[in-house]
Amino acid sequence: MTGFTESIESAEQLTVAWRAMVLDREADADVRDLPGIAVRWADSPFSFWNCITLTDRGAGADLLAQRLRQAVDIMRAKKHPGLLWLFEGLLDDEGRTALASAAEQAGLHHAFPGTGMAGDLLPVPDPVHPDLTFVRVRTDEHLEAYADLQSHAYGFPLEAGRVGLVGSAYWKSEMYAYLAMRGDVPVACAATVAAEGRLFVAFVATDPDWQRRGYGEAVTRKALHEGARATGLTRATLHATEAGAPVYPRIGFTPNTPIHFYTLKE
């Protein structure tokens with residue numbers, strides 16, 4: 001794949017995977033595919049379910065500015081805040097140069113950076129970690145533990161995380177979601193799900209009290225192993241945060257497009 005092709009793949013993996021997960025959480029979610037804009041917005045207190053991204057290929061400065069203004073108008077009409085994901089690899093050189101000023105002028109705040117990654121790396125061995133056992137998410141109790149790990153890792157109120165996940169049938173059946181357990185204590189989590197011929201990795205988190213012990217990498221390997229074994233898929237994709245970016249190349253992922261995450265200016 002070329003870098004541009006992988007950027008397209010990365011953006012499409014978001015729109016495909018998030019559509020299913022958002023509709024699972026809210027049957028009336030806004031999942032419109034507009035010209036140059038994909039909306040995946042449950043209007044949930046769990047802001048990861050409120051997502052919008054730009055989908056034009058090779059957008060220059062003028063088109064980028066137009067799409068950002070349109071995206072901001074959509075975001076401002078919602079009750080709950082969310083994120084605009086911008087895949088830099090979809091822009092042309094002019095668009096990349098103009099991005100920072102265009103986002104500022106549209107009324108967006110750069111929240112944090114990320115990186116799209118992919119690789120033909122499956123299957124991976126079933127991981128072994130001396131501190132851990134792994135439990136597949138099958139019950140609401142498991143989902144609550146998974147949600148709390150997300151909240152601790154990303155700074156959400158506990159209730160927002162629980163509203164986002166607890167009660168989901170999709171997470172307990174379609175997703176290969178795993179808790180890493182240190183004794184009886186959940187310390188990390190990761191999930192994979194089939195998305196358009198790839199195994200998409202999502203919602204990796206480690207409790208801040210238990211970081212830098214290899215727990216996040218181990219549970220990600222478990223979710224990849226089980227997802228690949230169940231689906232037979234050989235290619236995997238993910239969107240890494242800055243903290244997670246050094247981990248995934250050790251598993252076999254190759255970085256492709258930078259991702260910029262924006263919130264509305266207050």
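Select β7 (176-182) to start: this strand is mostly covered, with six of its seven residues buried. Buried means under 20% relative accessible area, exposed over 50%, and partly exposed in between, with a 1.4 Å probe and protein chains only. Helices (H or I, at least four residues) and strands (E, at least two) are DSSP runs, numbered from the N terminus.

The model is predicted: local features need pLDDT of at least 70, side-chain atom pairs count only at pLDDT 80 or more, and totals for chains, interfaces and linings use all residues. Residues are numbered from 1 along each chain as its sequence is written, and side-chain values use heavy atoms, with hydrogens and water left out.

**Around β7**

Keep β7 selected and add β6 (133-136). The two strands pair in the antiparallel sense over four bridges; two strands pair if DSSP finds at least two bridges between them. To see one opposed pair of residues, pick F134, which stands opposite A180 in β7.

Next add β8 (185-195). Seven bridges link β7 and β8, again in the antiparallel sense. L179 faces C189 in β8 here, and R182 has V185 of β8 as its bridge partner. The two strands form a hairpin with two residues between them, and in the turn G183 has a positive phi of about 65 degrees.

**From β8 to β9**

How many of the 11 residues of β8 are buried? Eight are, so the strand is largely enclosed by the rest of the structure. Now add β9 (198-206). β8 and β9 are antiparallel and share seven bridges, with V193 opposite F200 in β9. This is another hairpin with two residues between the strands; select E196 in the turn, where phi is positive at about 55 degrees.

**Helices on the sheet**

Which strands does helix α4 touch? Select residues 140-154: α4 packs on the sheet, touching β6, β7, β8, β9 and β10 (236-241). Contact means heavy atoms within 4.5 Å. The direction of α4 makes about 70 degrees with that of β9. Axes are lines fitted to C-alpha atoms, for helices over the stretch in contact, and angles run from 0 to 180 degrees between N-to-C directions.

Then select α7, residues 215-231, which lies across β6, β7, β8, β9 and β10 and runs at about 35 degrees to β8. Of the 17 residues of α7, 14 are buried, so the helix is largely enclosed by the rest of the structure. At 1.5 Å a residue, α7 should span 24 Å, and its end C-alpha atoms are 24 Å apart, which agrees. The expected span of a helix is 1.5 Å times one less than its number of residues. Step on to G232, which follows α7 and has a positive phi near 75 degrees.

**The whole sheet**

Now show every strand. The 11 strands form an open sheet with mixed pairing, in the order β1-β2-β3-β4-β11-β5-β10-β9-β8-β7-β6. Its edge strands are β1 (33-34) and β6, each of which pairs on one side only. Strands of a sheet pair through backbone hydrogen bonds, either parallel or antiparallel.

Move to β2 (residues 37-41) and β3 (residues 50-54), which run antiparallel and are joined by five bridges. W41 has N50 in β3 as its bridge partner.

**Two residues in other helices**

Select S7, found in helix α1 (residues 3-25). Is S7 buried or exposed? S7 is buried, because its relative accessible area is 2%. Apart from neighbours within four places in sequence, S7 is in contact with G89, L90 and T257. From S7 to N50 the C-alpha separation is 21 Å, with their positions 43 residues apart along the chain.

For contrast, select D73 in helix α2 (residues 61-76). D73 counts as exposed, at 54% relative accessibility. D73 and L14 are 59 residues apart in sequence and 21 Å apart in space, C-alpha to C-alpha.

**Zooming out**

Finally, show the full protein chain, which has eight helices and 11 strands. Along its principal axes the C-alpha trace spans about 55 × 40 × 30 Å. Of its 266 residues, 56% count as buried. Among contacts between residues at least 6 apart in sequence, 74% join residues at least 24 apart.
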